[in-house]
Each structure stands twice: as C-alpha cells, then as structure tokens.
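Me: Could you take a close look at one part of this predicted model for me? I would like to follow one helix and the strands it covers, and then work outwards from there.

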Amino acid sequence: AVEPDLAGRHVVVSAGGTREPLDPVRFLGNRSSGKQGYALARTAAARGARVTLVAANTTGLPDPAGVDVVQAGTAGQLREAVLKAAADADAVVMAAAVADFRPAAYAAGKIKKRDGQEPEPLVLVRNPDILAEISADRARPGQVIVGFAAETDDVLANGRRKLERKGCDLLVVNEVGERKTFGSEQNEAVVLGADGSETPVPYGPKEALADTVWDLVAQRLA
Ligand code: C5P
C-alpha cells in the first residue's frame, strides 16, 4: 500500500506539448508525449492528492482515474488553465513542454504555395514563461513549484542556472538522448533543489521519477 502523504493536498500537473497554430491545418509543436506528466498525475492520486491535470495534445493517453483533466492546446490556453488551477494548489509541477515562441500571425485561411514565389519568412514572438510567472507570483505562501528541463549538454550547470532563472523550488533535469525521455516509458534525471540539493534518479520507469518528485514535494510541504 502507498502512504497517503498527499491526502488533503491539491496538486496541479501540466503534461504533453503545446501546439502553436500557423493556419487552420498547421502548427509548431514538439515531441513531448505527456507520459511523464501522466505518471506524475497517477502517482499523486495514488498518494491521496486531489489532482488537476492540464493536458496539452496528449491524445492516446487514457485519463488517469480520479483525476480532473483539463485540455489546453496552445501555450496561451495552458497558461490560463494552470493559473486558474494553481490558485488553490499546494504544488504545481510543470512537466509540459511549452512552446517558447509562437507564430506572430495566424492565417485564418490555409497558407498556399504560389508558382514562382518564395515562401514568406516565419516570424515568431515569445510566449510568456508560465513557470517563471507562477514562481515569482505564488498563489499561496509555501506553494511548491517544480519545473522540468531537457538539456543536451552541461546538464547540471545549465540546470542550476535554469532553476535560478525560473525561481522554482525543484527542477527535474533530463539529458535528452536516444532511448530516453521523448515517447519512452523510461526516464533518468537529476532533481535539483533551490536549497542546493541534488537527487539523482536512475534510469527506470517514469512512475519512479514521479514518486521521487512527490517525495521531495511532500518534504517541502510538511
Ligand atoms: O526554458 P525551458 O523551456 O527549457 O523550461 C522548461 C520548463 O519551463 C518546463 O517546466 C516548462 O513547463 C516550463 N515553461 C513554461 N512556459 C514556457 C516555457 C517553458 O512554463 N513558455
């Protein structure tokens, strides 16, 4: 049996990857499957939490039992949903891959290729950084905020810098590689704490990483 150490807590988890539309049929997206976020939602529910899962384009993953699932397709929609759910949350875990940029313009009709004409350049604008925003402006005192970072090199040093820049309490740093992370059932990570702590999580099921995250969150809530 699992310890109900999150009983009476409300936790918010974002999962999946946002899609930023260019026109009615095209978008800028990313390779996040949502599996790590869903594992976080399932394990939090198993530990007794009330869970709001903000899901971005995670078609194919079944809604975890007993979890409140809110759909959000774009970074803007995900921001609205996370801010709303975070208002009374004890912890927020931003596992979703949120687009840093979106197309500056949305074409209401499908963009066409024209004979003899080069395509228009793609102009991007920045999306708000949701993790930095909720960390700087906590909805309630003591709220624990967790971010994720996928890095390809200098994983720990870059992770430590990102943790400071974002202002969150914990940052789960993944090395992006062949069999790891995207779409896989397994993950390997180091969880960095704003208190200077470093918790390595060996290669294993995404549930194991999720449980380590909740252990660290529960410690900080206690
Ligand atoms: O800066 P980077 O995209 O690497 O940061 C990743 C972390 O920040 C993830 O936790 C992601 O959910 C969050 N993020 C966000 N808003 C953005 C971009 C990323 O909350 N616009």
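Reply: Happy to. In this predicted model, helix H4 lies across S9, strand S10 (170–175) and strand S11 (186–193), and its axis runs at about 150° to that of S10. The residue to watch in H4, which spans residues 155–166, is Lys 166. Lys 166 counts as buried because 22 C-beta neighbours fall inside 10 Å, where 20 or more is the cut-off. Setting aside neighbours within four places in sequence, Lys 166 is in contact with Leu 131, Ala 132, Ser 135 and Gly 147.

Just before the helix, in the loop between S9 and H4, sits Asp 154. Asp 154 has a positive phi of about 50° although it is not a glycine. That deserves a second look, since most residues other than glycine have a negative phi. Asp 154 is exposed, because only 10 other C-beta atoms lie within 10 Å and the limit for that class is 12 or fewer.

Now to the strands beneath. S9, S10 and S11 belong to an open sheet of eight strands with the order S5-S4-S1-S6-S9-S10-S11-S12 and mixed pairing. Strand S5 (68–71) and strand S12 (198–205) stand at the edges; each has a single partner strand, so one side of each is left without a neighbour in the sheet. From one strand to the next, the twist averages 20°.

On the S12 side, six bridges join S11 to S12, and these two strands run antiparallel. One of the bridges sets Leu 192 opposite Glu 198 in S12. The hairpin of S11 and S12 has four residues between the strands, and there Gly 196 takes a positive phi near 95°. S12 is hardly covered: of its eight residues, the count of buried ones is zero.

On the other side of S9, the partner is S6, and S6 and S9 pair in the parallel sense over four bridges. Met 94 has Gly 147 as its bridge partner in S9. Further along the sheet, helix H2 (residues 75–86) lies across strand S1 (10–16), strand S4 (50–56), S5 and S6, running at about 175° to S4. The loop between S4 and S5 holds Asn 57, which also has a positive phi, of about 55°, although it is not a glycine. Asn 57 is buried, because 22 other C-beta atoms lie within 10 Å and 20 or more is the cut-off.

The bridge between Met 94 and Gly 147 leads on to the ligand, since both of these residues appear in the shell around it. That shell is made of Ala 75, Met 94, Ala 96, Val 98, Asp 100, Asn 127, Asp 129, Ile 130, Leu 131, Gly 147, Phe 148 and Ala 149. Helix H3 (130–136) and strand S9 (144–151) each supply at least two of the shell residues, and S9 gives the most, with three. By class, the shell has eight nonpolar, two polar and two charged residues.

One of the shell residues is Asp 100, which lies in the loop between strand S6 (91–94) and strand S7 (101–103). Asp 100 is partly exposed, because 13 other C-beta atoms lie within 10 Å. Leaving out neighbours within four places in sequence, Asp 100 is in contact with Arg 126 and Asn 127.

A record ties several of these places together. The UniProt annotation "binding site", from an unreviewed entry, covers Asp 100, Lys 110, Pro 128, Asp 129, Ile 130, Leu 131, Phe 148, Lys 162 and Lys 166. The annotated residues are spread over 67 residues of sequence and are also spread in space, up to 37.5 Å between C-alpha atoms. Lys 166, from the helix where we began, is among the annotated positions.

One last stop is helix H5 (residues 206–221), which contains Arg 220. Arg 220 counts as partly exposed, because 19 C-beta neighbours lie inside 10 Å. Not counting residues up to four places away in sequence, Arg 220 touches Val 144 and Asp 169.

Technical notes. Residues numbered from 1 in each chain as written. Predicted model: local features only at pLDDT ≥ 70, side-chain atom pairs only at ≥ 80, totals over all residues. Near = placed C-beta within 6 Å. Nonpolar A, V, L, I, M, F, W, Y, C, P; charged D, E, K, R; others polar. Contact = placed C-beta atoms within 7 Å. UniProt positions renumbered as here; feature names shortened; annotations may be inferred. Pairing = 2+ DSSP bridges. Axes fitted to C-alpha atoms, helices over the stretch in contact; angles between N-to-C directions.
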